[in-house]
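Trainee: I would like to learn how to read the features of a protein model, one at a time. Could you show me how to begin?

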Amino acid sequence: IPEGFDAPGFLTAAKLNFVTLQDAWDRSDIQNLRSMMTDEMLDQIKAQLADRESHTGGVSNKTDVVMLNAQLLGIEELSESYMASVEFSGMIREDSSAGASPFREVWNMTKPRSGGAGWLVAGVQALQ
């Protein structure tokens with residue numbers, strides 16, 4: 001992690017983005033998803049949403065993030081961008097009639113080294 005990097009501030013924003021992105025996923029809100037992820041990641045999400053819609057008949061999902069932890073695993077300096085890896089874990093409830101379930105996943109986020117663009121989700125890997 002680079003010296004002087006505001007890790008606590010970054011993680012606070014990352015947790016807010018996690019909840020916002022989860023809500024956009026639940027509502028199939030492509031516009032909001034597009035503003036928070038890379039084009040490649042958006043293509044993957046669109047395919048997953050299409051698959052979900054074909055199985056549920058278009059019924060929207062509602063996920064409650066019951067508990068959320070975030071840990072910055074590291075930041076890599078690439079030639080034209082930075083890549084941060086954040087491990088999210090906690091408890092989510094995807095069915096209002098069921099209890100919360102544990103989850104654990106790593107999100108890779110990228111940001112250009114120059115300009116004022118913010119962090120975008122570039123990949124998500126489920127660990128649990």
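Mentor: Let us begin where a helix begins, bearing in mind that this is a predicted model. At the start of helix 1, the backbone nitrogen of glycine 9 has a side-chain oxygen of aspartate 6 within 3.0 Å of it.

Trainee: How far apart are the end C-alpha atoms of helix 1, and what span should its 20 residues have?

Mentor: The general idea is to multiply 1.5 Å by one less than the number of residues. For the 20 residues of helix 1 this gives an expected span of 28 Å, and the end C-alpha atoms are indeed 28 Å apart, so the two values agree.

Trainee: Which residues of helix 1 are buried, and what do they pack against?

Mentor: A residue counts as buried when its relative accessible area is under 20%. In helix 1 the buried residues include Phe10, Leu11, Phe18, Leu21, Gln22, Trp25 and Asp26. The buried residues of this helix pack against helix 2 and helix 3, and also against strand 1, strand 2, strand 3 and strand 4.

Trainee: What is the phi of the residue just after helix 1?

Mentor: The general idea is that most residues other than glycine have a negative phi. Serine 28, just after helix 1, takes a positive phi of about 55°, although serine 28 is not a glycine. This serine lies in the loop between helix 1 and helix 2, and it is partly exposed, with a relative accessible area of 30%.

Trainee: Is threonine 63 buried or exposed, and where is its place?

Mentor: Threonine 63 sits in the loop between helix 3 and strand 1, and it is buried because its relative accessible area is 5%, which falls under the 20% cut-off. Its side chain makes a polar contact of 3.3 Å with the side chain of glutamine 22, a residue that is itself among the buried ones of helix 1. Not counting residues up to four places away in sequence, threonine 63 also touches Asp26, Ile92, Arg93 and Glu94.

Trainee: Which side chain does glutamate 87 join in a polar contact, and is this glutamate buried or exposed?

Mentor: Glutamate 87, which lies in strand 2, has a relative accessible area of 15% and is therefore buried. A polar contact of 2.9 Å joins its side chain to that of arginine 104. Leaving aside neighbours within four places in sequence, the residues in contact with glutamate 87 include Asn69, Leu73, Glu105, Val106 and Leu127.

Technical notes:
Residues are numbered from 1 along each chain as its sequence is written. This is a predicted model: local features need pLDDT of at least 70, side-chain atom pairs count only at pLDDT 80 or more; totals for chains, interfaces and linings use all residues. Side-chain values use heavy atoms; hydrogens and water are left out. Helices (H or I, at least four residues) and strands (E, at least two) are DSSP runs, numbered from the N terminus. Buried means under 20% relative accessible area, exposed over 50%, partly exposed in between (1.4 Å probe, protein chains only). A polar contact is a pair of N or O atoms within 3.5 Å; within protein, one must be able to donate a hydrogen and the other to accept it, and residues adjacent in sequence count only if both atoms are side-chain atoms. Contact means heavy atoms within 4.5 Å.
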